[in-house]
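Trainee: Could you pick one helix in this model and take me closely through what surrounds it?

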Amino acid sequence: MQGLKQKRKAGRWKTQEIADAAGVTIAAVYAWESGKRFPTKPKLDKLCEFFHCKVDDLL
């Protein structure tokens with residue numbers, strides 16, 4: 001999910017802030033950004049709400 005990493009860096013968000021918004025650990029956010037794991041639909045929806053974007057923007 002390179003889009004997630006790009007949005008986080010562009011907004012100068014800390015990984016902890018993203019984790020808190022999605023209700024996950026920092027390790028989960030790192031796993032998503034590296035492509036090792038993918039968020040569930042509810043978590044993805046929370047990320048979209050946080051970033052005010054569409055799912056496609058995070059992929």
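Mentor: Happily; what follows looks at helix H2, its two helix partners, and then the residues that lead outward from them.

First, a word on the basis: this is a predicted model, where local features need pLDDT of at least 70, side-chain atom pairs need 80 or more, and totals for chains, interfaces and linings use all residues. Numbering starts from 1 along each chain as its sequence is written, and side-chain values use heavy atoms, without hydrogens or water.

Let's begin with the partner that follows H2 in the numbering. The axes of H2 and H3 (helices are DSSP runs of H or I, at least four residues, numbered from the N terminus) come within 8 Å and cross at roughly 100 degrees. The axes are lines fitted to C-alpha atoms over the stretch in contact, with angles from 0 to 180 degrees between N-to-C directions. H2 is therefore roughly perpendicular to H3 (65 to 115 degrees; under 35 is roughly parallel, over 145 roughly antiparallel, the rest oblique). On the H2 side, the contact (heavy atoms within 4.5 Å) is made by Thr15, Gln16, Ile18, Ala19 and Ala22, and on the H3 side by Ile26, Val29, Tyr30 and Trp32. By class, the contact of H2 with H3 has 7 nonpolar residues, 2 polar and no charged (charged: Asp, Glu, Lys, Arg; nonpolar: Ala, Val, Leu, Ile, Met, Phe, Trp, Tyr, Cys, Pro; polar: the others, Gly among them).

Thr15 is a good residue to click on here. Thr15 lies in H2 and, at 9% relative accessibility, counts as buried (under 20%; exposed is over 50%, partly exposed in between, with a 1.4 Å probe and protein chains only). Setting aside residues up to four places away in sequence, Thr15 touches Arg8, Ile26, Val29 and Tyr30.

Now turn to the other partner, H4. H2 covers residues 15–22 and H4 covers residues 41–51, and their axes come within 8 Å, crossing at roughly 120 degrees. H2 and H4 are therefore oblique to each other. The residues that meet are Glu17, Ile18, Ala21 and Ala22 from H2, and Lys43, Lys46, Leu47, Phe50 and Phe51 from H4. This contact of H2 with H4 counts 6 nonpolar residues, no polar ones and 3 charged ones. Ile18 is worth colouring in your viewer: Ile18 is in the H2 contact with H3 and also in the H2 contact with H4. Ala22 likewise appears in the contact with H3 and in the contact with H4.

Two of those H4 residues lead us to the aromatic rings. The structure holds 2 aromatic pairs. In one of them, the rings of Phe50 and Phe51 have their centres 5.0 Å apart and their planes at 85 degrees, so the pair is edge-to-face (rings of Phe, Tyr and Trp, its six-membered ring, pair with centres within 6.5 Å; planes over 60 degrees are edge-to-face, under 30 stacked, the rest tilted). Phe51, at 11% relative accessibility, counts as buried, while Phe50, at 23%, counts as partly exposed. Trp13 joins Phe50 and Phe51 in one aromatic cluster.

Back in H3, which spans residues 26–34, the buried residues are Val29, Ala31, Trp32 and Glu33. H2 is part of what covers them, and the cover also includes H1 and H4. Glu33 has a relative accessibility of 5% and therefore counts as buried. Beyond neighbours within four places in sequence, Glu33 is in contact with Met1, Gln2, Leu4, Lys5 and Arg8. Follow Gln2 next: Gln2 lies in H1, residues 2–10, and is partly exposed, with a relative accessible area of 46%. With neighbours within four places left aside, Gln2 contacts Glu33, Leu58 and Leu59. Gln2 is also 7.9 Å from Gly35, C-alpha to C-alpha, though the two are 33 residues apart in sequence. Gly35 follows H3 and has a positive phi near 85 degrees.

Finally, look at two loops. Arg12 sits in the loop between H1 and H2. Arg12 is not a glycine, yet has a positive phi of about 55 degrees, and at 74% relative accessibility Arg12 counts as exposed. His52, in the loop between H4 and H5 (55–58), is another residue other than glycine with a positive phi, near 55 degrees. At 73% relative accessibility, His52 counts as exposed.
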